[in-house]
Structure formats: C-alpha cells, structure tokens
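Here are some short exercises on pockets and a ligand, each with a worked solution. Have the viewer open and follow along.

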Amino acid sequence: MRVVVLSGGVGGARFVQGVVGAVPADDVTVVGNVGDDVEVLGLHVSPDLDSILYALAGLNDEERGWGRAGETWRVLETVAALNGETWFRLGDLDLGVHLVRTQALRAGEPLSRVIARIADELGVGTRLLPATDDRLRTWIGTGAGEFPFQEWFVSRGHRDEVDALRFEGAETAAPAPGVLEALAQADLLLLAPSNPYVSIAPILAVGEIRAAVAARTVPCVAVSPLIAGRAVKGPADRMLARLAGGTSPAHVARCYEGLIDALVVDEADAGDLDGLGDVRPIVARTLMVDGDARRRLAEAALGAVPA
Ligand code: GDP
Ligand code: CA
C-alpha cells in the first residue's frame with residue numbers, strides 16, 4: 001500500500017516512525033514542512049525535515065525530544081563567548097548537517113535534492129520531500145506584532161497568543177519534484193498528529209498540494225495532536241481554542257475541511273464526537289510513547305483502507 005504522510009517536526013516524526021513500522025519503508029513518501037526553516041549563523045536550518053531524518057535514522061534524542069542523541073554544544077559555547085547569535089540551539093552534530101546543506105544550497109542545488117542526498121548518507125530508506133523547493137516562511141501575527149515563526153516559537157517561547165498566520169511565498173511556491181506524483185499514486189493520504197496551524201497548514205498552503213489533496217480519489221486520514229483536548233506538547237491546543245473556538249475533535253477536523261475523510265482521535269476524546277459531519281472518527285490510543293505505540297497508531301490510521 002503506497003502511503004503519503006504530510007508531517008511537521010517531532011510529533012510528525014514519531015508518527016512517521018510508526019508508519020514505516022507498519023508498511024514497507026519504500027512504500028512511504030513523507031512530505032515535510034519548510035515554513036519553520038530559518039537562517040542561523042549564516043546556515044540554512046530545516047528543523048522539521050531534520051527531525052524526520054534523525055528519527056528515521058535512529059539518531060534523534062528521545063529524552064530531550066528534539067535534536068540528536070549524544071549531542072554536544074562546544075561550537076555554541078564559542079559563539080556565546082564571542083557574543084554571537086545563540087538564541088537558536090544548534091548542537092555540534094546538528095551543525096554538520098546544516099553546513100553540508102547550506103553549501104549545497106548556495107551552489108544552487110534544490111533543497112529536495114540536498115535532503116535526498118543527506119537521507120541516503122544517513123541510511124534512511126523512506127522518501128522525504130520538502131513541500132516545496134521555493135522559499136516559504138511562516139509568520140505569526142500576535143498582539144505584540146508579527147514575528148517570523150522561530151522568533152515567536154523559540155525566542156519568545158510561543159507565549160504570545162496567535163491571531164493570524166501568514167505563509168510568505170506560498171502563493172508562488174511550486175510543489176517539490178515528486179510531491180504531486182506521490183499524491184497521485186498513493187492508496188492512502190495521512191496527516192500526521194502535527195500542529196495543524198504551523199506544521200500542516202504551511203504544506204497545504206502550496207496551492208497545488210492543497211488542490212491535489214482536495215481532489216483525492218483515495219482516503220485521507222488525519223491524526224489529532226490533542227489528547228483530552230490538550231496538546232501533548234506545544235501550543236496546538238491554545239491555537240485551536242483561539243482560532244477555531246475549541247479543542248474538540250470537530251474543531252481539529254475543521255482545520256482540514258474538505259481535505260479528510262477520517263480523524264483518528266484519542267480514547268480520551270471519544271465522548272466528544274459531535275459536529276464531525278462527514279468525517280469518520282477512528283478511536284485509538286494516540287500517545288506515542290514507544291515504537292509499539294507508534295506502530296499501533298499508524299495501523300489504526302492505515303485501517304481506513306480496506307485490505
Ligand atoms: P514540531 O514541528 O517539532 O513542533 O512538531 P509537530 O508539529 O510535528 O508535532 C507537534 C504536535 O505533536 C503537538 O501539537 C503535540 O500535541 C503532538 N504530539 C506529540 N506527541 C504526540 C503523541 O504522542 N500523540 C499525539 N496524538 N500527538 C502528539
Ligand atoms: Ca515545526
């Protein structure tokens with residue numbers, strides 16, 4: 001069964017691990033968010049794509065929840081001693097990836113090719129495509145002003161309530177090579193339990209991607225990032241409460257209006273399924289504590305396609 005997963009960073013990466021545990025890795029194409037990409041210390045950082053790569057390569061730090069296992073911070077210590085830019089935590093191992101990527105991008109290689117090459121070198125057998133090779137950046141509108149995504153998320157600790165989102169460059173961004181083909185050939189589309197507003201929406205902001213999902217002839221299943229109406233981590237629940245008016249499964253489904261056929265919701269939310277309309281609820285345990293839990297959650301979503 002050929003599967004395409006739209007994914008943000010850490011939450012999405014955990015789910016992708018489950019999908020890869022449930023279907024052969026080379027049947028899976030992951031389309032990742034680039035709205036979070038940022039230039040730090042002159043380097044191009046793609047946090048969401050790297051979270052997926054590190055998770056699939058088994059290099060991720062499970063305890064910290066982001067970045068690489070066994071990370072050290074010597075470079076950043078030097079940067080700090082020189083009064084350089086340290087707001088965005090870049091570890092020594094992580095930096096190696098950013099150096100290679102930045103050099104390749106400066107030489108004119110598209111991001112999708114650079115990512116494919118890095119994935120290959122890391123032994124990742126699953127295809128990972130950025131949503132677009134074009135520049136697409138998420139901006140966060142708040143009462144304190146509009147901020148680039150990482151400034152709001154990291155520097156300001158996502159404390160400002162969000163009033164609006166803007167995806168700079170999305171109007172003219174084209175899907176990266178392979179994205180539309182993968183969507184057209186898929187037997188199932190999955191939206192990972194990533195933040196709907198800042199992880200999945202920037203992918204769907206690429207017009208041709210949204211149109212392809214809207215025009216699908218196969219099921220599309222989203223997995224809710226909320227458990228008992230609360231985000232496992234991060235601001236998704238606060239954003240839903242403010243921007244969608246609530247944190248029930250119906251509010252999550254409304255983020256994907258016309259785009260999904262089913263929504264996987266946690267057992268803790270199974271009592272609150274009103275207002276889903278045509279979207280079929282699939283009740284499962286959605287806390288992805290370990291490999292088994294990730295695979296079982298993926299299987300619950302994959303079950304939307306009759307065998
Ligand atoms: P980021 O780009 O690194 O911030 O990660 P994502 O957007 O891909 O994922 C963040 C979302 O994942 C948050 O809204 C979390 O609530 C959700 N999440 C993280 N772990 C789990 C889990 O175990 N189960 C579910 N259902 N959601 C999770
Ligand atoms: Ca992200």
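**Exercise 1.** Find how many residues line the second largest pocket and which of them lie nearest its centre.

*Solution.* Step one: the second largest pocket is lined by 16 residues, and D37, V38, P148, F149 and Q150 are the ones nearest its centre. A pocket here is an open set of points on a 1 Å grid over the protein atoms alone, where a 1.4 Å probe fits, with protein on both sides within 12 Å along at least five of seven lines; lining residues have an atom within 4 Å of a point.

Step two: two or more lining residues come from each of β3 (38-40), β6 (137-142) and α6. Of these, α6 gives the most, with 4 residues. Helices (H or I, at least four residues) and strands (E, at least two) are DSSP runs, numbered from the N terminus.

Step three: the volume is about 210 Å³, taken as the space filled by probe spheres set on the points, which are joined across faces, edges and corners.

Before going on, a word on the model. It is predicted, so local features need pLDDT of at least 70 and side-chain atom pairs pLDDT 80 or more, while totals for chains, interfaces and linings use all residues. Residues are numbered from 1 along each chain as its sequence is written, ligands are numbered from 1 in the order in which they are written, and side-chain values use heavy atoms, without hydrogens and water.

**Exercise 2.** Describe the largest pocket by its volume and its lining.

*Solution.* Start with the volume, about 1100 Å³. Next, count the lining: 46 residues, with G9, V10, G11, F153 and K233 nearest the centre. Among the elements that give two or more residues are α1 (10-22), α4 (92-106) and α8 (196-204). The largest share, 5 residues, belongs to α2.

**Exercise 3.** Where does ligand 1 sit, and which residues are closest to it?

*Solution.* First, place the ligand: ligand 1 sits in the largest pocket (more than half of its atoms lie within 2 Å of the grid points). Then list its shell: 20 residues surround ligand 1, the closest being S194, S199, P225, T286 and M288 (a heavy atom within 4 Å). In this shell, α1 gives the most, with 4 residues.

Finally, check polar contacts (N or O atoms within 3.5 Å). The side chain of S194 has an N or O atom 2.6 Å from an oxygen atom of ligand 1, and for a backbone N or O atom of V10 the distance to a ligand oxygen is 2.7 Å.

Conventions: Polar contact = N/O pair within 3.5 Å; in protein donor to acceptor, adjacent residues only side chain to side chain.
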